[in-house]
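The following exercises concern the aromatic pairs, the sheet and the internal cavities of a single protein chain. Each task is followed by a worked solution.

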Amino acid sequence: MILGRSIELWQQEYPLLTEMINTTEVFWTNPNYKDYTDAISKIPLTEEDVLGAEARFKRFAPYIAKVFPETKERDGIIESPTIKIPRMKEQMEKMFNQEIICENMLLKCDSHLAISGSIKARGGIYEVLKHAEDLAFEFGMLSIEDDYLMLDSDKFKEFFARYTIVVGSTGNLGLSIGIMSAKLGFKVTVHMSADAKQWKKDILRSIGVTVIEYLSDYSKAVEEGRKQAEKDPVSYFVDDENSKSLFLGYAVAALRLREQLKDLEVVVDETHPLFVYLPCGVGGGPGGVAFGLKLIYKDHVHCFFAEPTHSPCMLLGCMTGKHDKVCVQDFGIDNNTAADGLAVGRASRFVGKTMGDLLSGIYTVNDNMLYRMLSALADTEGIYLEPSALAGAPGVFNLAMTEAGQQYIKNQELNSKMQNASHIIWATGGNMVPKAEMNDYYRKGVGLV
């Protein structure tokens, strides 16, 4: 029984659930999707909040540029390129036997963000910076008018060393939190789930981070991390499931993307829709990015989340409206996937409710498809990503080739505009994967093709 009901009753109410239980790829469109004006009126976060997060990033930029030399070229701003991928588009059209007529097929390379090589470098690093700033303000060590270069000093490192930052992670968030926190001088503990890659644990330990490993999944790592932090008055828990700071850090990506699209002469307006496909784990990263994009492009942008067939937690939560009250294991779905960054059994209630009326839909991808997309992108564009980062790649084909996708296009009156559309595949990680492991991923993808 799940919340007092049998699985059979759940399946009767939500027919798609049967396919999800069978780990079949599905494409779901959100029946609660609303016009931007109606949807945004129910959300307490605003554009001013996102602009405030961007201002904080800029205050820290001189410090970031100094302590992370790889960011110096961008003056300490942690940002990734957006590029056109015409050869990958052609290859995918052959693989799916489906032509996509559009103006642009783009890749957002958060896989190559500086410092920690994943989308988590946005939200994770932002939350650490905000916590550090809050502490320094509280004790009169820093003011908003100061040059933040002063943070790179023994004085501040000794100050931050009094405090601990704690997080539960499948890997990439732990990397971002650990690297940034350790650089500032904080003590750091990362609770990592069984699916976290060994190389990520090794990197963290090499910089003095305490890594605690679990034999179970992400939810257990988060639960134990939260318990530890609650026992220690000087510990700060980074709550991936509920953090508004993480969410706003991710949302800043939309401000930067707007300028990049202008530079690429990519138009987004009423007759030039934008479709964005975002890999989703617990939901913070894709939720924050999608929220930021809706603030900027309103009804002209359509955001879809992508999850592994074995870990469709956000789809389950949004489809049933139960959010974190249900998990994939309740329905016999094992949460075992090669997409370690997306191996989450229970979705964020905060993200599910915040994005409930703004999200266009969610689809699932099997692991073999992730590997096939991985090798195809490497062969066509010379870009190597980790498996989870490829979840966005099939999105446009799911939209074009499923009944639900075609119905969405019709309902939104987009049929006559699709040839003017731009599609963004959001690549979420991969730049830090060891070469030998990446070669294994690539060979597996080639073998499947």
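**Exercise 1.** Which residues do ring pairs link into a cluster?

Solution. The model is predicted. Ring pairs join Phe27, Tyr33, Tyr277, Phe304, Tyr363 and Tyr408 into a cluster. A search of the whole structure yields 19 aromatic pairs.

**Exercise 2.** Classify the pair formed by phenylalanine 27 and tyrosine 363, and locate its two members in the chain.

Solution.
Step 1. A pair of aromatic rings is described by the distance of the centres and the angle of the planes.
Step 2. For phenylalanine 27 and tyrosine 363 these values are 6.1 Å centre to centre and 15° between the planes. Planes under 30 degrees apart count as stacked, so this class applies to the pair.
Step 3. Phenylalanine 27 belongs to strand 1 (residues 27-29) and tyrosine 363 to strand 10 (residues 361-365). With these positions 336 residues apart, the pair links distant parts of the chain.
Step 4. Both partners are assessed for burial: phenylalanine 27 is buried at a relative accessible area of 9%, and tyrosine 363 is buried at 0%.

**Exercise 3.** Carry out the classification for phenylalanine 156 and phenylalanine 160.

Solution.
Step 1. The ring centres of phenylalanine 156 and phenylalanine 160 are 6.0 Å apart and the planes stand at 35°, so the pair is tilted.
Step 2. Both residues lie in helix 7 (residues 154-160), where they are four residues apart, about one turn of the helix.
Step 3. Phenylalanine 156 is buried, with a relative accessible area of 1%, and phenylalanine 160 is likewise buried, at 0%.

**Exercise 4.** In what order do the seven strands of the open sheet lie, and which are the edge strands?

Solution.
Step 1. The order of the open sheet is 1-10-9-8-11-3-2, with mixed pairing.
Step 2. Strand 1 and strand 2 (82-84) are the edge strands, each pairing on one side only.
Step 3. On average, neighbouring strands of this sheet are turned by 25° against each other, direction ignored.
Step 4. Strand 8 (residues 274-279) pairs with strand 11 (residues 422-427) in the parallel sense over four bridges. Valine 276 stands opposite isoleucine 424 of strand 11.

**Exercise 5.** Describe the pairing and the burial of strand 10.

Solution.
Step 1. Strand 1 and strand 10 run antiparallel and are joined by three bridges. The bridge partner of phenylalanine 27 in strand 10 is tyrosine 363, and these two residues also form the stacked aromatic pair.
Step 2. Strand 9 (residues 301-308) pairs with strand 10 in the parallel sense over five bridges, and proline 308 has valine 365 as its bridge partner in strand 10.
Step 3. Gly361, Tyr363 and Val365 are buried on one side of strand 10, and Ile362 and Thr364 are buried on the other.
Step 4. Five of the five residues of strand 10 are buried, so the strand is largely enclosed by the rest of the structure.

**Exercise 6.** How many cavities of 30 Å³ or more does the structure hold, and what lines the largest cavity?

Solution.
Step 1. There are three cavities of 30 Å³ or more, and the largest has a volume of about 210 Å³.
Step 2. The lining of the largest cavity comprises 22 residues, of which Ile119, Lys120, Gly281, Gly341 and Leu342 lie nearest its centre.
Step 3. Helix 8 (172-184) and helix 12 (284-297) are the elements that give two or more residues to this lining. Helix 12 gives the most, with three residues.

Note on methods. Residues numbered from 1 in each chain as written. Predicted model: local features only at pLDDT ≥ 70, side-chain atom pairs only at ≥ 80, totals over all residues. Heavy atoms only, no water. Phe/Tyr/Trp six-rings, centres within 6.5 Å; stacked < 30°, edge-to-face > 60°. Buried < 20%, exposed > 50% of the residue type's maximum accessible area, 1.4 Å probe, protein only. Pairing = 2+ DSSP bridges. Axes fitted to C-alpha atoms, helices over the stretch in contact; angles between N-to-C directions. 1 Å grid on protein atoms, 1.4 Å probe; cavity = no way out; pocket = protein on both sides within 12 Å on 5 of 7 lines; lining within 4 Å. Points joined across faces, edges and corners; volume = space filled by probe spheres on them.
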